[in-house]
Amino acid sequence: MAAALREAMLASSADVNQLGLSRWGEIQVSGQTPIHGGPQELGVYNAMQTVPREDGKREVVSGTSYLQIVTFDNNGPNAVGVLAFSESSNPASPYSKDQTQAFSEKKTAPVAVHRRSDQGRSAIPAPHRQGIGQTRNPLMPEQNIF
């Protein structure tokens, strides 16, 4: 078993070297954007599924969709997050690659955390309601915490 595993690893290394690639981000991509993560079957928490491309790279087709980190202090919860894939499939849209690039660079942005009022109505201030229910997510890559 160990010999077969070693042989497979050497063959894979030879394939990667032949392509002139050396980093995982040069191999696993979304379009031209490097994507971290790997197969869930290998125990990778940031799971990404890929398919081979003609150029030897692996195109991400599914996997992690959203990451959120929540901390708590004396004022309550604080959250940051990022979408793994951008929201627009229109290449001309400014939102076609913004979140994918932020995910690639491991950048997060603050996520608003609001409590509901005791009457069941939203306690979100009016200026922040305008983006709710629209397709554009208000996250913007502002901070790198990784």
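**A friendly note on the sheets and core of this chain**

1. Let's begin with the open sheet, whose four strands are ordered β2-β1-β4-β3 with mixed pairing. The edges are β2 (33–34) and β3, each of which pairs on one side only. Please keep in mind while reading that this is a predicted model.

2. Now for the β2 end of that sheet. Strand β1 (residues 28–30) runs antiparallel to β2, and two bridges join them. If you would like a residue pair to look for on screen, S30 has T33 as its bridge partner in β2.

3. At the β3 end, strand β3 (residues 48–52) and strand β4 (residues 58–63) are antiparallel and joined by five bridges. M48 is matched with G63 of β4 as its bridge partner. The two strands make a hairpin with five residues between them, and G56 in that turn has a positive phi of about 90°. As general background, strands of a sheet pair through backbone hydrogen bonds, either parallel or antiparallel.

4. Further along comes another hairpin, made by β5 and β6 with two residues between them. Eight bridges hold strand β5 (residues 66–73) against strand β6 (residues 76–83), again in antiparallel fashion. Here D73 sits opposite G76 of β6.

5. M48 deserves a second look. Which residues does M48 contact, once neighbours within four places in sequence are set aside? They are Q28, I35, H36, G37, G38, P39, V60, S62, G63, T64, F85 and F103. G63, the bridge partner of M48 in β4, is thus listed among these contacts too.

6. M48 also belongs to the largest nonpolar core, a group of seven residues. Its other members are I35, V60, V82, A84, A102 and F103. Of these, I35, V60 and F103 also appear in the contact list of M48.

7. Stepping back to the whole chain, there are four helices and eight strands. Along the sequence they follow the pattern α-α-β-β-β-β-β-β-α-β-α-β.

8. Some totals may help round out the picture. The chain has 146 residues, and 28% of them are buried. Its exposed surface comes to about 10,300 Å², with carbon and sulfur atoms supplying 54%. Looking at contacts between residues at least 6 apart in sequence, 47% join residues at least 24 apart.

Definitions and conventions. Residues are numbered from 1 along each chain as its sequence is written. This is a predicted model: local features need pLDDT of at least 70, side-chain atom pairs count only at pLDDT 80 or more; totals for chains, interfaces and linings use all residues. Side-chain values use heavy atoms; hydrogens and water are left out. Two strands pair if DSSP finds at least two bridges between them. Buried means under 20% relative accessible area, exposed over 50%, partly exposed in between (1.4 Å probe, protein chains only). Contact means heavy atoms within 4.5 Å. Accessible areas come from the Shrake-Rupley method with a 1.4 Å probe; for residues, only the protein chains shown count as cover. A nonpolar core is a set of buried Ala, Val, Leu, Ile, Met, Phe, Trp, Tyr and Cys residues joined through side-chain atoms within 4.5 Å.
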